[in-house]
Amino acid sequence: MEATRAAAHHGYDAVSMRDLAKSCQMSMTTIYRLCGSKDQLIAEAHLEGMVEFRRRVAVRPRTGATARDRVASVMGSFATALEDDEVRSRVMLRALYALDADASDLRAELGASFATIIDAAIGDADVVDREAVIATLTHVMDSVIRTWLAERHDGAWVRRELDGAVRVVLGP
């Protein structure tokens, strides 16, 4: 997480692996042994944050009487998390969505995290074609993140997009 703070402070493009190694109090040799690129290092930190987000969602009581309400609540929590530390969120997600081959496996892990969170929010509700619903909402989440990054939208935009997708997929 120190690396993400350094990247957010210096700016994604301006920060180097040397800066990241220094902020983590590691040698260049050690940092390159752990991560092949700046993108991979920062993306790994983001996934650690997703593990924490998933843990918080799992222990929080479910809000909403329907699967649609619960999934919308979780999606809203994700938008709030982006807003809480927008600069760092943008740095971490930019690294994760970089074309760096080292980050591609990490993107798959992020998708799996989204799917797990959505599945837990649906709970024991009887949802027709549950796997397709989860996959569709995971793809929407991915698309919204990419657009949020590229077009610099705010958290309210993320919330509206995710809520609209949940409404379409799970009903009004």
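These are my notes on one protein chain, from its overall make-up down to a single arginine.

**Entry 1, the whole chain.** I am working from a predicted model. I counted the secondary structure elements and got 9 helices and 0 strands. Reading from the N terminus, I wrote the order down as α-α-α-α-α-α-α-α-α.

**Entry 2, surface and burial.** I looked up how much of the chain is covered: of its 172 residues, 44% are buried. The area the chain exposes comes to about 9,000 Å². Carbon and sulfur atoms supply 52% of that area.

**Entry 3, contacts along the sequence.** I took the contacts with a separation of 6 or more and asked what share joins residues 24 or more positions apart. The figure I noted is 65%.

**Entry 4, helix α5.** I then turned to α5, which covers residues 67–84 and has 18 residues. From its first C-alpha to its last I noted a reach of 26 Å, close to the expected 26 Å. I listed its buried residues: A67, R68, R70, V71, A72, V74, M75, G76, S77, F78, A79 and L82.

**Entry 5, R68.** I picked out R68, which lies in α5. Why does R68 count as buried? Its relative accessible area is 13%, and buried means under 20%, so R68 falls in the buried class.

**Entry 6, what R68 touches.** Which residues does R68 touch, leaving out those up to four places away in sequence? I found D163, V166, R167, L170, G171 and P172.

Methods: Residues numbered from 1 in each chain as written. Predicted model: local features only at pLDDT ≥ 70, side-chain atom pairs only at ≥ 80, totals over all residues. Heavy atoms only, no water. Helix = DSSP H or I, 4+ residues; strand = E, 2+ residues; numbered from the N terminus. Expected span 1.5 Å × (residues − 1). Buried < 20%, exposed > 50% of the residue type's maximum accessible area, 1.4 Å probe, protein only. Contact = heavy atoms within 4.5 Å. Areas by Shrake-Rupley, 256 points an atom, 1.4 Å probe, with all protein chains shown as cover.
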